[in-house]
Amino acid sequence: MARKKKTIPGWKALLVMTGMMLLTAAGIYGYVRWKEYHVHFVRYTAFGIDIPVNYNIHGIDVSHHQDVIDWEEVKKMNVEDMQLSFTFIKATEGLVNVDKLFRRNWYKAREEGMTRGAYHFFLATKSGKKQADNFIAQVTLEPGDLPPVLDVEQLYGVKPGDLRIRVKEWLTTIEAYYKVKPIIYTNVDFYNHYLGKDFDDYPLWVAHYLQPNKPRIERSWVFWQHSETGRVNGIRSRVDFNVFNGDSAAFSQLLLN
């Protein structure tokens with residue numbers, strides 16, 4: 001004869017479930033704290049790359065790929081009177097994905113006095129409007145923040161005309177909601193081949209590496225991602241470096257009121 005399975009009374013089952021949830025939460029918290037402790041002691045004597053001259057405002061962009069960041073160390077790093085003053089932080093991707101370290105990076109960066117901006121990684125195969133809704137659901141902007149950014153750099157097999165329609169949907173939805181013109185991030189070749197003059201009215205953050213003075217693009221640009229191999233105190237992995245194309249007054253005008 002088969003044995004009867006023992007059942008756990010309802011209140012005991014609830015206690016077991018609650019205990020497991022607390023242990024899981026404690027584990028996650030402990031992991032983050034462990035990471036914070038270790039990145040605190042990641043120190044570099046320099047940024048590890050050549051920094052373009054004639055630019056006064058420097059920053060980085062990050063996502064979960066940089067793991068847990070010690071933002072205090074990032075902010076304090078000073079090499080020959082050059083400090084990082086702004087950061088772009090990955091918030092969302094596609095229709096529903098949220099970067100797992102977005103909220104921590106978003107609040108910690110501001111806490112340490114870094115000017116922050118949030119970006120969305122665009123999937124050309126998906127609705128631009130729905131991707132904008134994903135970003136809006138996760139990102140609350142405050143005075144002093146940078147405008148929202150659309151990171152678009154791959155076709156994923158989509159026709160260029162359809163890509164442009166979906167990108168425009170994202171941009172117009174975001175602008176209507178936040179009341180500010182969003183920034184487009186992409187590389188020089190992608191912009192020239194697939195976006196072009198249809199988007200020349202939008203501020204551009206352009207990626208173009210191994211250039212000594214400026215990116216080789218005809219249109220105006222606001223930010224330049226000049227390297228993806230920089231080193232920063234408080235970050236274990238390599239990180240993207242950027243400069244702002246202007247002085248402190250122009251930078252202030254770009255920020256949300």
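Is Tyr178 buried or exposed? At a relative accessibility of 12%, Tyr178 counts as buried. The legends below describe close-up views of a predicted model.

**View 1. Tyr177 and Tyr178 form an edge-to-face aromatic pair.** The ring centres of Tyr177 and Tyr178 are 4.8 Å apart, with 85° between the planes. Tyr178 is the buried partner at 12% relative accessibility, whereas Tyr177, with a relative accessible area of 48%, is partly exposed. Aromatic pairs in the model number 18.

**View 2. Phe244 and Phe251 belong to one aromatic cluster.** The cluster consists of Phe86, Phe88, Tyr185, Trp205, Phe223, Phe244 and Phe251. Phe244 and Phe251 have ring centres 5.1 Å apart and planes at 75°, so this pair is edge-to-face. The angle qualifies because edge-to-face requires planes over 60 degrees apart. Phe244 is buried, its relative accessible area being 3%. Phe251 is also buried, with a value of 8%.

**View 3. Asp247 sits in the loop between strand 9 and helix 7.** Strand 9 covers 239-244 and helix 7 covers 248-254. The side chain of Asp247 comes to 3.2 Å from the backbone nitrogen of Ala249. A polar atom of the Asp247 side chain also lies 2.9 Å from the backbone nitrogen of Ala250. Asp247 is partly exposed, at 45% relative accessibility. Between the C-alpha atoms of Asp247 and Ile57 the distance is 7.4 Å, although the two residues are 190 apart in sequence.

**View 4. Glu73 and Lys76 form a salt bridge within helix 2.** The closest N and O atoms of Glu73 and Lys76 are 3.4 Å apart. Both residues belong to helix 2 (residues 71-76), and their spacing of 3 residues separates them by about one helical turn. Why is Glu73 classed as buried? Its relative accessible area is 3%, and buried means under 20%, so Glu73 falls in that class. Lys76 is partly exposed, with a relative accessible area of 49%. Under the criterion applied, the model has 11 salt bridges.

**View 5. Arg164 and Asp198 meet in a salt bridge between distant parts of the chain.** The N to O distance between the side chains of Arg164 and Asp198 is 3.7 Å. Arg164 is in helix 5 (residues 160-178), and Asp198 is in the loop between helix 6 (188-195) and strand 7 (204-207), 34 residues apart. With 25% relative accessibility, Arg164 counts as partly exposed. Asp198 is exposed, with a relative accessible area of 52%.

**View 6. Arg219 and Asp200 form a salt bridge between two loops.** The closest N and O atoms of Arg219 and Asp200 are 4.0 Å apart. Arg219 is in the loop between strand 7 and strand 8 (223-230), and Asp200 is in the loop between helix 6 and strand 7, with 19 residues separating the pair in sequence. Arg219 is buried at a relative accessible area of 13%, while Asp200 is partly exposed at 30%.

**View 7. Arg110, Arg116, Glu142 and Asp145 are joined into one salt-bridge network.** The salt bridges in this network share partners. The charged end of Arg116 also sits over the ring of Trp106, 3.9 Å from the ring centre. Trp106 is one of the buried residues of helix 3 (residues 102-111), together with Phe102, Arg104, Asn105 and Ala109. Just after helix 3, Gly113 has a positive phi of about 85°.

**View 8. Lys181 has its charged end over the ring of Tyr202.** The distance from the charged end of Lys181 to the centre of the Tyr202 ring is 4.4 Å.

**View 9. Tyr156 and Leu210 each have a positive phi.** Most residues other than glycine have a negative phi. Tyr156, which is not a glycine, has a phi of about 55°. Tyr156 is located in the loop between strand 5 (149-151) and helix 5 and is partly exposed at 37% relative accessibility. Leu210, also not a glycine, has a phi of about 60°. The location of Leu210 is the loop between strand 7 and strand 8. Leu210 is exposed, with a relative accessible area of 81%.

Note on methods. Residues are numbered from 1 along each chain as its sequence is written. This is a predicted model: local features need pLDDT of at least 70, side-chain atom pairs count only at pLDDT 80 or more; totals for chains, interfaces and linings use all residues. Side-chain values use heavy atoms; hydrogens and water are left out. Helices (H or I, at least four residues) and strands (E, at least two) are DSSP runs, numbered from the N terminus. Buried means under 20% relative accessible area, exposed over 50%, partly exposed in between (1.4 Å probe, protein chains only). A polar contact is a pair of N or O atoms within 3.5 Å; within protein, one must be able to donate a hydrogen and the other to accept it, and residues adjacent in sequence count only if both atoms are side-chain atoms. Rings of Phe, Tyr and Trp (its six-membered ring) pair if their centres lie within 6.5 Å; planes under 30 degrees apart count as stacked, over 60 as edge-to-face and the rest as tilted. A charge sits over a ring if NZ of Lys or CZ of Arg is within 6 Å of the ring centre and within 35 degrees of the ring normal.
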